[in-house]
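Biologist: Before I take any label on this model at face value, I would like to hear the reasoning behind it. Could you take me through the terms one by one?

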Amino acid sequence: MPSGCLVPGCTKKSRLGQSVSFHGLPVKDAQRCKLWLRAINNPRVGEDTGKEIIKGKTICSLHFKLEDFDGRLFGKIRSVLKPTAVPSYCRFRYGRRG
């Protein structure tokens with residue numbers, strides 16, 4: 001079963017061959033993880049949600065700026081985030097980012 005993006009309103013699911021990459025929440029870095037959770041503003045998971053609940057949850061590449069990626073692109077997939085990356089585009093309407 002494909003995993004989906006944790007950002008509310010985003011319907012992207014992880015599937016082979018697509019041009020969207022998925023990135024796990026940085027659960028090993030508590031401060032950065034709180035920034036990600038605050039940015040996505042999902043009512044089901046907050047800044048204080050336990051690691052065991054959010055471990056394995058992902059956010060798709062559509063919610064990051066191009067400069068959040070380290071430049072190593074594999075095909076069309078933006079796959080490697082910089083260690084300072086935080087999701088930026090977290091409000092979805094009608095399937096579009098913005």
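Modeller: Let us begin with the contacts: among those in the chain with a separation of 6 or more, 59% are between residues 24 or more positions apart. Please keep in mind that this is a predicted model, and that the chain holds two helices and six strands, which run β-α-α-β-β-β-β-β from the N terminus on. Buried residues make up 34% of the 98 residues.

Biologist: What makes F64 and F69 an aromatic pair, and why is the pair called edge-to-face?

Modeller: A pair of aromatic rings is described by the distance of the centres and the angle of the planes. For F64 and F69 the centres are 6.2 Å apart and the planes stand at 75 degrees. Centres within 6.5 Å count as a pair and planes over 60 degrees apart count as edge-to-face, so both conditions are met. A search of the whole structure finds two aromatic pairs, and W36, F64 and F69 form one aromatic cluster.

Biologist: How do you know whether F64 and F69 are buried or exposed?

Modeller: The relative accessible area of F64 is 1%, and that of F69 is 5%. Buried means under 20%, and therefore F64 and F69 are both given that label.

Biologist: What makes the contact of D48 with K34 a salt bridge?

Modeller: Side chains of opposite charge can pair when their charged atoms come close. The closest N and O atoms of D48 and K34 are 4.0 Å apart, and the cut-off is within 4 Å, so the pair is counted as a salt bridge. The pair links distant parts of the chain, since D48 lies in the loop between α1 and α2 (51–54) and K34 lies in helix α1, 14 residues apart. D48 is called exposed because its relative accessibility of 70% is over 50%, whereas K34, at 28%, is partly exposed.

Biologist: How many salt bridges does a search of the whole structure find, and which residue does R38 meet in one?

Modeller: The search finds two salt bridges, and R38 meets E47 with 2.9 Å from N to O. That distance is within 4 Å, so the pair of R38 and E47 qualifies. R38 counts as partly exposed at 48% relative accessibility, and E47 is partly exposed as well, with a relative accessible area of 32%.

Biologist: Why does R32 have no salt bridge?

Modeller: The nearest side chain of opposite charge, D29, is 5.1 Å away from R32; a salt bridge needs a distance within 4 Å, so the pair is not counted. R32, which is found in helix α1 (residues 30–40), is nevertheless buried. Its side chain reaches the backbone oxygen of A85 at 3.4 Å, and this value lies within the 3.5 Å used for a polar contact. Leaving aside residues up to four places away in sequence, R32 touches P26, K82, P83, T84 and A85.

Biologist: Which residues touch the most other members of the largest nonpolar core?

Modeller: Among the 21 residues of that core, L25 and I59 touch the most other members. The elements that give two or more residues to this core are α1 and β2 (58–60), and the largest share, four residues, comes from α1. In soluble globular proteins, nonpolar side chains tend to be buried together. When residues up to four places away in sequence are not counted, the contacts of L25 are L6, C33, W36, L37, I54, K57, T58 and I59.

Biologist: Why is Q31 called exposed, and why is K13 called partly exposed?

Modeller: Q31, found in helix α1, has a relative accessible area of 57%, which is over 50%, and so Q31 is exposed. K13 stands in the segment before β1 (22–24), and its 36% lies between 20% and 50%, so K13 counts as partly exposed. The C-alpha atoms of K13 and I59 are separated by 9.7 Å, with the two residues 46 apart along the chain.

Biologist: What makes the phi of N41 worth a remark?

Modeller: Most residues other than glycine have a negative phi, and most peptide bonds are trans. The phi of N41 is near 50 degrees, a positive value in a residue other than glycine. N41 is found in the loop between α1 and α2, and because its relative accessible area of 61% is over 50%, N41 is called exposed.

Definitions and conventions: Residues numbered from 1 in each chain as written. Predicted model: local features only at pLDDT ≥ 70, side-chain atom pairs only at ≥ 80, totals over all residues. Heavy atoms only, no water. Buried < 20%, exposed > 50% of the residue type's maximum accessible area, 1.4 Å probe, protein only. Lys, Arg positive; Asp, Glu negative; His and termini not counted. Polar contact = N/O pair within 3.5 Å; in protein donor to acceptor, adjacent residues only side chain to side chain. Contact = heavy atoms within 4.5 Å. Core = buried A, V, L, I, M, F, W, Y, C linked by side-chain atoms within 4.5 Å. Phe/Tyr/Trp six-rings, centres within 6.5 Å; stacked < 30°, edge-to-face > 60°.
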